[in-house]
Amino acid sequence: MPEFVIDRVTRTRDEARASYDRLSGTWDLVSGRFEAPHRARGLELLAAREGERLLEIGFGTGTCAVALGHAVGPSGSVKAIDLSPGMRSVASQRVEAAGLQGRVELVTGDAAALPWSEGSFDAIFSSFVLELFDTPELPQVLAEWRRVLRAGGRLGLVSLVPPATPTVATRLYAWAHRRLPTLVDCRAIPARALVEAAGFHVQDTRYATLTGLPVEALVATRGG
């Protein structure tokens, strides 16, 4: 674990679920378009292949689940999990519109307790989700993700990360997270350090900014 302090997440799971249910109908207009380039970068690093068994954690409105469904082709499969029934409703419509109902399965559930057996997936993709878990949960959550990934399988992750040097934007965002924990529930985490501590080997990373906030996209493989 890194030595510096990671901000805590003080809102409950029920509060998170209710918040994302409320936001589900407007998410793509309000937040989705800002996050889209970073999700695309993460998908590019993951490089899903024909015939793979994939898991998306935190599918939101389903844009990445559909992209992954196309990538794995008719011989592959995508399972996807999200806490919010409202997001699942929106994502289901997107999956159906893409004609991928038989290839992409959406599940409502908690990403800290996945309903799949050990080694079920060739790759996992998750964007702007890991940082929603409280600090003490982070190692346990990553251990659970690692459990369902086969040995040598890939983890594609996109996350807000701490700045090398704090800026006005990062300080304001951290202040908003502490003052409005239900609305601003995402916060920066040291993604690479956490992933490596959980037994993954980082293969490649890309850095960018989201309205002045540092974002890291990485791909890592599961150690034995």
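1. The protein chain has a radius of gyration of 16 Å, which agrees with the value near 17 Å for a compact globule of 224 residues (taken over C-alpha atoms; the globule rule is 2.2 Å times the number of residues to the power 0.38). Its C-alpha atoms fill a box of roughly 45 × 40 × 30 Å along the principal axes.

2. This is a predicted model, in which local features need pLDDT of at least 70 and side-chain atom pairs count only at pLDDT 80 or more, while totals for chains, interfaces and linings use all residues. Residues are numbered from 1 along each chain as its sequence is written, and side-chain values use heavy atoms, with hydrogens and water left out.

3. The protein chain has 7 helices and 7 strands (DSSP runs: helices are H or I, at least four residues; strands are E, at least two; numbered from the N terminus).

4. A search of the whole structure finds 16 salt bridges (a side-chain nitrogen of Lys or Arg within 4 Å of a carboxyl oxygen of Asp or Glu). One of them joins R17 and D14, at 2.7 Å from N to O. Both lie in helix α1 (residues 13-23), 3 residues apart, about one helical turn. D14 counts as exposed at 54% relative accessibility, and R17 as partly exposed at 27% (buried is under 20% relative accessible area, exposed over 50%, partly exposed in between; 1.4 Å probe, protein chains only).

5. D28 and R94 form a salt bridge at 3.1 Å, N to O. D28 lies in helix α2 (residues 27-46) and R94 in helix α4 (residues 85-97), so the pair ties together parts 66 residues apart in sequence.
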